[in-house]
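Here is a short tour of the salt bridges in this protein. Have the sequence and the 3D view at hand as you read.

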Amino acid sequence: MSTGLPVIQTELAVHSSVDFDEKLAAHGVELRAARVDTLQVNVGKLCNQACKHCHVDASPKRTEIMTRETAQAVIDAVRRFRIPIVDITGGAPELNPSFRYLVRQSRALGSHVIVRHNLTVMFQPRQDDLPEFFRDHAVEVVSSLPYFLEQQTDAQRGHGVFEKSIEAMRRLNDVGYEREDSGLILSLVYNPVGAFLPPAQEAIEKDFRRELMTRYGILFNQLFTITNMPINRFLDYLRRSGNEERYMRKLVEAFNPSTVDGLMCRNLVSVDWTGKLYDCDFNQMLELGVAPELPQTIADFNPARFARRRIMTGSHCFGCTAGAGSSCRGAVSAR
């Protein structure tokens, strides 16, 4: 199908030398959605960090931010359709004035709430109570940590980030996160620091678990490996470093058809800061909306319309299907 990718991304198709949908067809695989159980809500691009790999291109200078009116439309959809999971992301979602409203209302409606939390936002003004807020609303916290050593983490996320991240995880542990009887989940996310695929998820989780405990006394529940997507800031890095063509070739050559059933777009719908709908957060950053025959905004959302929908794809989708696969919940298949 034609996806109409923005100009900045069209070169990727040239480098990959193959269309993603053609690759699926060659393996006898069809990519269609299943039941929608997750509403992933991107509340804007404002962030206290400007990470080198960020596909959102978020930073302290961004002004895109979800209004309370749009946040209310999200909650109206959660209430009407009893969405099982509300996954809140950004930017740093905590910097949105409606963030706590979204969490409270979603929890009151019975949804499981996931927050994509960058750890250092905890040290911003009026955010020091986040550990207690997360605990009180049984929020699942998912936090990116490039590595268990300072040099690699600060290289990707900025000077001083590692030290603050360690302190933030200690605070989360102190209020009960990872404690066996608490039911509070702290998950970490590993993105490679460079133009290569992540290692086996199980192996690097063991390394993180051992090193964080031994060095810092930090505990966490699980680690997700996520492939860096050739979008926005990471794409800029690939081009500056002369790695774009090599990286895209690597993704295409590592295509794994067994990952398709576990792709996040099959069970998720993404909502941007204006209320527009997408098949995933990556498509959102490319302004590649859902298929035109579907409702386009959260105000018109109906999960029954989105089950079995065709997924809008592009060459960036090779990132989610390479090796063990990549999703917001980490690897999706054995290599």
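## A neighbouring pair: D136 and R135

Let's begin with D136, which is exposed in this predicted model, its relative accessibility being 53%. Its partner in a salt bridge is R135, with N and O 3.0 Å apart. R135 itself is partly exposed, at 35% relative accessibility.

## Reaching across the chain: R329 and E140

Next, take a look at R329 and E140, whose closest N and O atoms lie 2.9 Å apart in a salt bridge. This pair ties together distant parts of the chain, 189 residues apart: R329 sits in the segment after α12 (303-306), and E140 belongs to strand β4 (residues 140-144).

Are these two residues buried or exposed? R329 counts as partly exposed, with a relative accessibility of 36%. E140 has just 3% and is buried, because the cut-off for that class is under 20%.

## Another long-range link: R100 and D129

R100 and D129 also form a salt bridge, and here the closest N and O atoms are 2.9 Å apart. The two residues are 29 apart and connect distant parts of the chain: R100 is in helix α4 (residues 99-108), while D129 is in the loop between β3 (112-116) and α5 (130-136).

R100 is buried, at 17% relative accessible area, whereas D129 is partly exposed, at 32%.

## The wider picture

How many salt bridges does a search of the whole structure find? The count is 19. You can also look for a network of salt bridges that links D57, R62, E64 and R233.

Notes. Residues are numbered from 1 along each chain as its sequence is written. This is a predicted model: local features need pLDDT of at least 70, side-chain atom pairs count only at pLDDT 80 or more; totals for chains, interfaces and linings use all residues. Side-chain values use heavy atoms; hydrogens and water are left out. A salt bridge is a side-chain nitrogen of Lys or Arg within 4 Å of a carboxyl oxygen of Asp or Glu. Helices (H or I, at least four residues) and strands (E, at least two) are DSSP runs, numbered from the N terminus. Buried means under 20% relative accessible area, exposed over 50%, partly exposed in between (1.4 Å probe, protein chains only).
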